[in-house]
Amino acid sequence: EKESFSSDSSEDELSFETAKKNAMVCSKAFQRYGKVACQIYARGVHTSLIMHVDCSEDSLYCFGGVLRGSMELVAVDLSKIHGSGDILDAIQVHRHNDAKLKGFGACTRLKGKEQTYLLLTGKGIKNIHIWSFRPKETNAWQCLYDTQTNG
């Protein structure tokens with residue numbers, strides 16, 4: 001059964017069939033279904049992505065990654081959203097690609113003056129990794145810890 005979503009204009013139709021072909025989702029045309037801040041595309045043999053999204057305790061950043069199929073992790077800055085205007089104009093997306101970013105699992109913010117977030121990756125993979133994300137620095141992403149999980 002084919003199910004399709006359509007916006008107010010009939011020319012902006014998006015079906016599940018076109019979505020499976022890596023079609024970009026136009027968030028402005030489909031606002032009643034939510035807004036798309038960023039997208040992660042499948043790479044390699046795993047074309048169906050299992051996405052994990054986690055928001056920090058301070059609600060300033062939302063992190064998204066996948067279990068398998070992509071080495072990309074995104075951090076969406078939500079700090080400039082203030083109720084009016086288009087949300088997509090207010091957010092900033094930070095991206096990083098590394099093989100150790102597969103299997104994103106959780107995030108937390110470290111207490112202190114400096115804005116630092118710890119990210120856990122490696123869920124479902126042979127190694128676990130703890131990453132540091134510091135949005136104010138030039139080299140914002142840094143792998144702090146890497147260890148085997150024996151399975």
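Visitor: Which word describes tyrosine 61 and phenylalanine 63, buried or exposed?
Guide: The structure is a predicted model. A residue counts as buried when its relative accessible area is under 20%, and as exposed when that area is over 50%. By this cut-off, tyrosine 61 and phenylalanine 63 are both buried.

Visitor: How is the aromatic pair of tyrosine 61 and phenylalanine 63 classed?
Guide: The ring centres of tyrosine 61 and phenylalanine 63 lie 6.1 Å apart, and their planes stand at 25 degrees. Planes under 30 degrees apart count as stacked. The pair of tyrosine 61 and phenylalanine 63 is therefore classed as stacked.

Visitor: Which residues are linked into a cluster by ring pairs?
Guide: The model holds 7 aromatic pairs. One of them joins tyrosine 61 to phenylalanine 63. The cluster linked by ring pairs consists of Tyr61, Phe63, Tyr117, Phe133 and Trp141.

Visitor: Which members of the largest nonpolar core touch the most other members?
Guide: This core has 13 residues. Strands S4 (61–66), S5 (72–77), S8 (117–121) and S9 (127–133) each give two or more residues to the core. The members that touch the most others are Phe63, Leu119, Phe133 and Trp141.

Visitor: Which residue stands opposite tyrosine 117?
Guide: Strands S8 and S9 run antiparallel and are joined by 5 bridges. The residue sought lies in S9. Beyond four places in sequence, this residue is in contact with Tyr117 and also with others, including Tyr61, Phe63 and Trp141. Opposite tyrosine 117 stands phenylalanine 133.

Visitor: Which residue in the turn between S8 and S9 has a positive phi?
Guide: S8 and S9 form a hairpin, with 5 residues between the two strands. In that turn, one residue has a phi of about 105 degrees. The residue is glycine 122.

Visitor: Why does histidine 129 count as buried?
Guide: Histidine 129 lies in strand S9. The cut-off for a buried residue is under 20% relative accessible area. Histidine 129 counts as buried because its relative accessibility is 6%.

Visitor: With which side chain does the side chain of histidine 129 make a polar contact?
Guide: Leaving out residues up to four places away in sequence, histidine 129 touches Lys100, Leu119, Leu120, Thr121, Gly122, Cys143, Tyr145 and Asp146. A polar contact of 3.4 Å singles out one partner among these neighbours. The partner is the side chain of aspartate 146.

Visitor: Which residue is the bridge partner of tryptophan 131?
Guide: Strands S9 and S10 run antiparallel, and 7 bridges join them. The partner of tryptophan 131 is found in S10. That partner is cysteine 143.

Visitor: Which strands stand at the edges of the sheet?
Guide: The open sheet has 4 antiparallel strands in the order S7-S8-S9-S10. Each edge strand has a single partner, so one of its sides is left without a neighbour in the sheet. Neighbouring strands are turned by 20 degrees against each other on average, direction ignored. The edge strands are S7 (106–109) and S10 (141–148).

Visitor: In what order do the elements of the protein chain run?
Guide: The protein chain contains 2 helices and 10 strands. Among its 151 residues, 29% count as buried. Read from the N terminus, the order is β-β-α-β-β-β-α-β-β-β-β-β.

Conventions: Residues numbered from 1 in each chain as written. Predicted model: local features only at pLDDT ≥ 70, side-chain atom pairs only at ≥ 80, totals over all residues. Heavy atoms only, no water. Core = buried A, V, L, I, M, F, W, Y, C linked by side-chain atoms within 4.5 Å. Buried < 20%, exposed > 50% of the residue type's maximum accessible area, 1.4 Å probe, protein only. Contact = heavy atoms within 4.5 Å. Polar contact = N/O pair within 3.5 Å; in protein donor to acceptor, adjacent residues only side chain to side chain. Pairing = 2+ DSSP bridges. Axes fitted to C-alpha atoms, helices over the stretch in contact; angles between N-to-C directions. Phe/Tyr/Trp six-rings, centres within 6.5 Å; stacked < 30°, edge-to-face > 60°.
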